[in-house]
Amino acid sequence: MSIEIRHPTPAELPAVFEASTTSFLQRPDIERVAAQFGPVMDPDRTWVAWDGDRACGTFRSWPTELTLPGGGSLPAAAVSGVTVLPTHRRRGILTDMTAAAHAALVEAGEPLAVLIAAEYPIYGRFGYGPATRDARVTVDSRRATVRGERAGSLELAPRDAATRDAIRMVFEAARRQRVGEIRRGDLMWDLDTGLVEDAFEGKRWDGFTVLHHNPAGEVDGYARYTAARGDRVAENLIEVEDLHALDDAAQAELWAYLLSVDLVTTVRAVHRPLSEPLPWLLGDARAVAFDRVRDVLWVRLFDVARALEARAYERAGSLVLEVIDDEPWGGTRRWRLDVGPDGAICRPADASPDLTLPVAALGAAYLGGTRLRDAVRITGVDEHRAGSLAEADALFRTADEPWCSTPF
Ligand SMILES: CC(C)(COP(=O)(O)OP(=O)(O)OC[C@H]1O[C@@H](n2cnc3c(N)ncnc32)[C@H](O)[C@@H]1OP(=O)(O)O)[C@@H](O)C(=O)NCCC(=O)NCCS
């Protein structure tokens, strides 16, 4: 079997979606999926494996921006649609597509890539490390009362462009305050607010959006949610899909609203940070249960020096890191990282290394949420100077937990 890896032409997009949806066990209307998602696919960022004229593997990325410790950001390639047909698996097709896609991203000067892994064991070998986590939060709303005064006001918003624009503005401000968040694309906003029909689902999003206004009348928070019927008329479930607020007061008032909706006994939010403040807002924190803790954003550093210089650190330190990158264009490189009050400088180094570690471990620790000492339990590490792993661990970690709230 000879497999060719190349970009698709526009006419080939239905074949590409046929391959990716089959691999994800989906059966949507392919023409409609291609019509909706084809225009947002950049051909230069889309890699397809061809077995003759049959698409048998797909790998694409879209440009986004990742918020870093300290509040800075870097462009990031958000990798998605990674599939190989069940008939073509485990023959190295993903490996070859990844090599082609990564080489092109490196060539284009992209500093890093991010993705959400369908299965844990897939991406470590390609240099990605798990950098953020989230959890499902379930609240017994009959037991949960949010403490404190209410200063703002709430509005149930219509499903229209003005609502989309209002919540997008809140999210844009919120994502810049939260390490690990990425920018969402235009189509995602239209789908999430029910402005266009989702070609995969064959229907529009049919949930509710509540806006929070601060005392000056500005929208400073929102929650998007759907409701599911329980066994009895008064035992419904609210599923919170997205909740963002620009300050603690707006966040508390949105939760207070969700927990007070009539005929609802359970409020559930699927992708919340482990540091979700909700339990601390309640008179009875035990009304909240966390489960389904999972890794979310995996980070792959391409330009180690640029990436390490772009983030902020909460303490000073100096380390010589020898970073192993197994990709064909990679190699083993040594970097001196000096972090002081004026920021970080990362330069190529000749000095003997303090630590030798795979690039996946640095990706995992990059956003400050995964401890480096834990990341190297998976990847391995050589500590050449005693104590340097503990120093690096302390240097990379942050007080705040990174969180990526955007599924992609
Ligand atoms: C995940 C997927 C793309 C892998 O494609 P593939 O062409 O079979 O991968 P490769 O043959 O290049 O595999 C490279 C290596 O990774 C391993 N690997 C690949 N997928 C794996 C998985 N899901 N679990 C564990 N190991 C995996 C292979 O065993 C192989 O290891 P080896 O080199 O030691 O033999 C494919 O199985 C798939 O489409 N799965 C369903 C959709 C999906 O989960 N996509 C990922 C979305 S994030």
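This text goes through the domains, one helix, the ligand shell, a strand with two partners and the residues with positive phi. The model is predicted.

The domain assignment divides the chain into domain 1 (3-110), domain 2 (135-295) and domain 3 (298-396). Between the C-alpha centres of domain 2 and domain 3 the distance is 36 Å.

Helix α1 spans residues 13-23, and its buried residues are L13, V16, F17, A19, S20 and S23. These residues lie on the same side of α1, because they cover an arc of only 160° around the axis. An α-helix has 3.6 residues a turn, so residues three or four places apart point the same way. The elements against which the buried residues of α1 pack are α2 (30-37) and the strands β2 (46-51), β3 (54-67) and β4 (73-84). Just after α1 comes L25, with a positive phi of about 60°.

Strand β4 also takes part in the shell around the ligand: β4 and α3 (93-107) each supply at least two of its residues. The ligand is surrounded by 18 residues, of which the closest are V84, R89, L94, T95 and A118. By character, the shell consists of nine nonpolar, four polar and five charged residues.

The loop between β4 and α3 holds R90. Its phi is positive, near 60°, and R90 is not a glycine. Is R90 buried or exposed? R90 is exposed, because 7 other C-beta atoms lie within 10 Å, and the cut-off for exposed is 12 or fewer.

A second loop residue of this kind is L263, a residue other than glycine with a positive phi near 65°. L263 is placed between α6 (248-258) and β12, again in a loop. With 13 C-beta neighbours inside 10 Å, L263 counts as partly exposed. Most residues other than glycine have a negative phi.

Strand β12 covers residues 264-272 and runs antiparallel to β7, to which five bridges join it. Within this pairing, A135 has R272 of β12 as its bridge partner. Which strand is joined to β7 by six bridges? That strand is β13 (residues 288-295), which is also antiparallel to β7 (residues 133-140). Here R133 is bridged to D295 of β13. Strand β7 thus has bridges to β13 and to β12. In a regular strand the side chains alternate between the two faces of the sheet.

Key: Residues are numbered from 1 along each chain as its sequence is written. This is a predicted model: local features need pLDDT of at least 70, side-chain atom pairs count only at pLDDT 80 or more; totals for chains, interfaces and linings use all residues. Two strands pair if DSSP finds at least two bridges between them. Helices (H or I, at least four residues) and strands (E, at least two) are DSSP runs, numbered from the N terminus. A residue is buried if 20 or more other C-beta atoms lie within 10 Å of its own, exposed if 12 or fewer, and partly exposed in between; C-beta atoms are placed from the backbone. The arc is that of the directions from the helix axis to the C-beta atoms. Two residues are in contact if their C-beta atoms, placed from the backbone, lie within 7 Å. A residue is near a molecule or strand if its C-beta atom, placed from the backbone, lies within 6 Å of it. Ala, Val, Leu, Ile, Met, Phe, Trp, Tyr, Cys and Pro count as nonpolar, Asp, Glu, Lys and Arg as charged, and the others, Gly among them, as polar. Domain bounds come from an automatic or database domain assignment.
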